Structures are given as C-alpha cells and as structure tokens.
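Welcome! Take a moment to turn the structure around on your screen, and then let us walk through it together.

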Amino acid sequence: MSATRYRIAWTPGSDSLVGTCHCGAEHTADDPVRMWQWLLAHPDHPGDRHELGIVRDDTGAYR
Amino acid sequence: MTTTAFARDQWYVAAYSQEVGDALLARTVLGEPLVLYRTGAGGVVALADRCVHRRFPLSLSHRDGDRIVCGYHGFTYDPGGTCVAVPGQTRIPRTARVPSFPIAEQDSLVWVWIGDPGRADPAAIPRAPWLDAPGWTTVRGMEPLAARYGLLVDNLLDLSHETYLHGGYIGTPEVAQTPITTEVDEDAGVVHVQRRMKDVECPPFYAKSTGIAGRIDRWQDIEYHPPCLYLLHSRIAPTDVEPGPDGDDSGACHAEIAYAITPETETTTLDFWMVARDFALDDENVSQYLAESNRAVVLQDVVALNALERVIAAEPDGYQELSINIDTGGLAARRLLAKLIGR
C-alpha cells in the first residue's frame, strides 16, 4: 500500500467496513462517516488499535 | 452536507475540442462567462465574454481574423484579450483589455484554468487517452444541469443508484447488492471505488452493444480526479473469462466512461459525458445505440438531480443526511473537494 493511501473494504456478506490506514492500522465499523473519522485521525487513531496489538514503531508509524 | 463553493486554481473542461472552431462559443465556468474560439494557427482562445466598454457579450460579436470585433461598438480584441482598436479615435485606453484564461487541449477536451494564471500547470491535468486514441471509438454529449455540481459528484461516486434510476439501461439488481472497496490516494488527490460483480445479469446497455449473451462478470472501477474528471473503467466479459497472467484481456469488452463535471454557477453544472469502447469499433449502429442510451441515462440523472436541487434550495439550514456503506466513496470525494476549496 502506498504511503498515502487509505482503504475501506466492505466485507462481502456483511454490513462491516474494514478500514486500513497507510500506517497499517486497521479498524472495523459499520458506518462510513465514523470509519473516515477514525482513518483521518492518523496518527492518533482512537479506540481499538491496542486491542488489535498494533503499536507504534520508532518512526511513529503503527505496526 | 453538499458542496456548493468552487475550487479555484484548478483546470476544468470548458468544451470538447470538436466544439471549438471558427464560431464564437459562449460557456460559463465557475461563474466566469467565457468566449471560446480557435485561431487560424489552431490554438484555442478563452477570453472573458464581456466587452470592457459597455459589457456586450463578445460571443454575440464577430471575428476579424484572429481578433474579435465587439458587435455593439466595434472594440477589437486580439487573442490575448488586449484591445487593439476602438471606434472613432486613435488613443486606446490603457485599461482596455479583457481577461484571457489559460487553455490546454488534451485527449479531445478543452481545459480552462480558473484562478491565478501564474499557477496554471497543464501537466496537472488528468489524462483520459482513450477518448482520442486509435483502437477506441467514442460517443459523447453534454447536458446542462439545473443543480449544483456536488450532486453530480455524489451521483457518480455511488453507482448503486443505477439499479433504481437506470433500470432497463445499465441498472441491474446486482449493482446495488455488491459491496465496494474504496481507496483514497491522498498525495495524488484521487478517489478509487471498485465494484467487482461475478456471474451477474448483463444489462441491455452492454448486451446490445457487445453482443454478449448470458451471464457476465462486470467490473466497475471508478477513478475520480477532483474537481472535474470522473473515469469509470468498465469491464464486461462472459462469466469466468479472466484476464490472462500476462495481462491480456482480449476476451473481455471494455468501456471507458468519462464525465467532466464543470460547475457553471453555484447551482448549475455542465455535465459532459463520454463513452469510449474497444469493441465494435466501426459499427455505426452500436455507436448510435450507445449514444442514445447513455444520453437517456444522463437525462434520467438530470431529472433526479434537478429535483434534488429544488429540495435543497427549499430546506432549512442544518438538515442532516444519512450515510450508509454505499456512500463511502462519495464521502471521500466530498472531503477532497473541500480540501481543494480551502486551499
């Protein structure tokens, strides 16, 4: 994924959206407005990144 | 929320190349009335469509070679907008000139720069080479919209509306039922929306033009370059005909659908539509069918968006819309437009 790309995939067979930030952080939501808010909060994505085991590396990017 | 303000310092499609010739063509872009014409050397000129003297539209005037002679009192302008003759006197007032606008002609489109001329870089114009390339045949048209351009952006970024508004042409049940993937390339300022439909009904628009009978795989890959250019890479193939490992996709038919979304005023829009295809290249019946069908589809949009404009004009401030998954790409487009406007 390019360094500047945000991606939101709508999971087939469900109402879920999976968002992926260019830093690698991922988030699941069922509302596109909230999903964009979460992605665009980079680098301070709120909520569940710790639950997902995503941590910042030395460059500040989430891994 | 809908977008009403303009993004200045941007390129916009003002006309098709084929529309600009010896005649004086009037077009309004971002509230700027323009007169367009082609010089003897073949270049396109865009000047403000208002004589400095008494505001007469230059588009209602006539040409003297590469110059325009105002049809009211004869003020005469060169292609750079400088007044070179006035009636009855030899002294030409120093301020006698009309603004000229940077122009770039590319891929059969005439682009005009609205904003600071010093920032106009033709290299920034997005490409659509198939509109004017060997191996492709293109049909096109333009419909004026009595609606703000943001409504057309919303419309084109969410193609699920095809199922409900364009049944009988391009809409089938599967379009609205198929999940999309949305990507935003932040640096390039481009929104991508991808919908890949497998083993689905072939709508009449493609069944009649491609001759493919039976079920199809249908891809809709949108590429929106805010503010003006929208590209829909459409792939239609009999079910299970896939591109080869070397990228060869000759078993499929491809239609490159393009729209130029040009704000005319805050509440009117020039809706340029184009359909380029890599099949039935010389079949005039297919060209006629695609032109008539796509125009019918666009006119269905025109009716819907004009109605929406009237609704928005009458509604109280602060109305809250509801967005669902199908709006993911449209929301991204709105954000990038807002970014350009705020620049």
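In helix 6 of chain B, many residues are buried, among them Thr328(B), Gly329(B), Gly330(B), Leu331(B) and Ala332(B). Further along helix 6 of chain B, Ala333(B), Arg334(B), Leu336(B) and Leu337(B) are buried too. Keep in mind that this is a predicted model. Helix 6 of chain B covers residues 328-342, which makes 15 residues. From its first C-alpha to its last it reaches 22 Å, close to the 21 Å expected at 1.5 Å a residue.

What does helix 6 of chain B pack on? Helix 6 of chain B packs on a sheet, where it touches strand 1 and strand 2 of chain A as well as strand 12, strand 13 (190-200) and strand 14 (216-225) of chain B. The direction of helix 6 makes about 165° with that of strand 13 of chain B.

That sheet deserves a closer look. It is an open sheet of ten strands with antiparallel pairing, and its order is 3(A)-2(A)-1(A)-12(B)-13(B)-14(B)-15(B)-16(B)-17(B)-11(B). Strand 3 (26-29) of chain A and strand 11 (137-145) of chain B stand at the edges; each has a single partner strand, so one side of each is left without a neighbour in the sheet. On average, neighbouring strands of this sheet are turned by 15° against each other, direction ignored.

Now find the place where the two chains join. Strand 1 (residues 5-10) of chain A and strand 12 of chain B run antiparallel, joined by five bridges. In strand 12 of chain B, Val184(B) is the bridge partner of Tyr6(A). Within chain A, four bridges join strand 1 to strand 2 (residues 17-20), again in an antiparallel run. There, Arg7(A) has Thr20(A) in strand 2 of chain A as its bridge partner.

Looking at the meeting of the chains as a whole, 14 residues of chain B are in contact with 15 residues of chain A. Strand 12 (181-185) and helix 6 of chain B each supply at least two residues of the side of chain B that touches chain A. Strand 12 of chain B gives the most, with five residues. By class, this side of chain B has four nonpolar, five polar and five charged residues.

Further along the sheet, strand 16 (residues 253-265) of chain B is mostly covered, with eleven of its 13 residues buried. Strand 16 of chain B pairs in the antiparallel sense with strand 15 (residues 229-238) of chain B over eight bridges, and Tyr259(B) in strand 16 is the bridge partner of Tyr230(B). Ten bridges join strand 16 of chain B to strand 17 of chain B, which run antiparallel. The two form a hairpin with two residues between them, and Ala260(B) stands opposite Phe272(B) in strand 17 of chain B. Helix 5 (residues 284-314) of chain B lies across strand 11 and strand 17 (268-277) of chain B, running at about 20° to strand 11 of chain B.

Finally, step back to chain B as a whole. Its secondary structure comes to six helices and 17 strands, and 40% of its 343 residues count as buried. A compact globule with 343 residues would have a radius of gyration near 20 Å, and the 22 Å of chain B agrees with that.

Terms used:
Residues numbered from 1 in each chain as written. Chains lettered and ligands numbered in written order. Predicted model: local features only at pLDDT ≥ 70, side-chain atom pairs only at ≥ 80, totals over all residues. Rg over C-alpha atoms; globule rule 2.2 N^0.38 Å. Buried ≥ 20, exposed ≤ 12 C-beta atoms within 10 Å, placed from the backbone. Expected span 1.5 Å × (residues − 1). Contact = placed C-beta atoms within 7 Å. Nonpolar A, V, L, I, M, F, W, Y, C, P; charged D, E, K, R; others polar. Pairing = 2+ DSSP bridges. Axes fitted to C-alpha atoms, helices over the stretch in contact; angles between N-to-C directions.
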